[in-house]
Amino acid sequence: MRIVIDPTRCGGHGTCAQLLTENIVLDKWHFPILERAKLRDSHFEMAKRAVQLCPELAISIVED
Ligand code: SF4
């Protein structure tokens, strides 16, 4: 599984980077950079939480 962020929806709120520190960092404008799209099984629940909490519905989890 991997994380996908739609940059056309993202508002740069940064919640995702707080929840998925291994996968996402923020640039200097607080927009996410997906450093590691692949999701560890142990981080799946946290990724689901990031999807639910993203205010712009910009994050999704896809199966490879
Ligand atoms: S939580 Fe959503 S809107 Fe906020 S930075 Fe992450 S992807 Fe963008």
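Let's start with strand E1, which has two faces: Ile-3 and Ile-5 sit on the covered one, while Arg-2 and Val-4 are on the uncovered one. Keep in mind that this is a predicted model.

E1 doesn't stand alone. It pairs with strand E4, residues 59–62, in the antiparallel sense, over four bridges. If you look for the bridge partner of Val-4 in E4, you'll find Ser-60.

**The whole chain**

Now zoom out. The protein chain has two helices and four strands, and from the N terminus on they run β-α-β-β-α-β. Along its principal axes, the C-alpha trace spans about 30 × 20 × 20 Å. Is that what a compact globule would give? A compact globule of 64 residues would have a radius of gyration near 11 Å, and the protein chain has 10 Å, so the two agree. Buried residues make up 20% of the 64 residues. As for contacts between residues at least 6 apart in sequence, 54% of them join residues at least 24 apart.

**The core**

Which residues make up the largest nonpolar core? There are eleven in all: Ile-3, Ile-5, Cys-16, Ala-17, Leu-20, Ile-24, Leu-39, Ala-47, Ala-50, Cys-54 and Ile-59. Strand E1 (2–5), helix H1 (15–19) and helix H2 (44–53) each supply at least two residues of this core. There's a general background to this: in soluble globular proteins, nonpolar side chains tend to be buried together.

Take Ala-47 as an example. Ala-47 lies in helix H2, and it counts as buried because 22 other C-beta atoms lie within 10 Å. Leaving out residues up to four places away in sequence, Ala-47 touches Ile-3, Leu-20, Leu-39 and Ile-61. Counted the same way, Leu-39 touches Met-1, Arg-2, Ile-3, Asn-23, Phe-44, Ala-47 and Ile-61.

**Out in the loops**

Three loop residues make a nice contrast with Ala-47. Here is where each one sits, with its count of C-beta neighbours.

| Residue | Loop | Other C-beta atoms within 10 Å |
|---|---|---|
| His-30 | between E2 (24–26) and E3 | 12 atoms |
| Lys-38 | between E3 (32–34) and H2 | 11 atoms |
| Leu-57 | between H2 and E4 | 11 atoms |

Why does Lys-38 count as exposed? With 11 C-beta neighbours inside 10 Å, Lys-38 falls within the cut-off of 12 or fewer, so it gets that label. His-30 is exposed too, with 12 such atoms, and so is Leu-57, with 11.

Two of these loop residues also have a backbone angle to look at. Most residues other than glycine have a negative phi. His-30, however, has a positive phi of about 70° although it is not a glycine. For Leu-57, phi is near 55°, again a positive value in a residue other than glycine.

Lys-38 takes us back to strand E1. Lys-38 and Val-4 are 34 residues apart in sequence, and their C-alpha atoms are 9.4 Å apart in space. For another pair, Ala-47 and Ala-58 are eleven residues apart in sequence and 12 Å apart, C-alpha to C-alpha.

**Around the ligand**

Ala-58 turns up again by the ligand. Of the 14 residues around the ligand, Cys-10, His-13, Cys-16, Cys-54 and Ala-58 come nearest. Cys-16 and Cys-54 are also among the residues of the largest nonpolar core. How do the residues of the shell around the ligand divide? Eight are nonpolar, five are polar and one is charged.

Key: Residues are numbered from 1 along each chain as its sequence is written. This is a predicted model: local features need pLDDT of at least 70, side-chain atom pairs count only at pLDDT 80 or more; totals for chains, interfaces and linings use all residues. A residue is near a molecule or strand if its C-beta atom, placed from the backbone, lies within 6 Å of it. Ala, Val, Leu, Ile, Met, Phe, Trp, Tyr, Cys and Pro count as nonpolar, Asp, Glu, Lys and Arg as charged, and the others, Gly among them, as polar. The radius of gyration is taken over C-alpha atoms; the globule rule is 2.2 Å times the number of residues to the power 0.38. Two residues are in contact if their C-beta atoms, placed from the backbone, lie within 7 Å. A nonpolar core is a set of buried Ala, Val, Leu, Ile, Met, Phe, Trp, Tyr and Cys residues joined through C-beta atoms within 7 Å. Two strands pair if DSSP finds at least two bridges between them.
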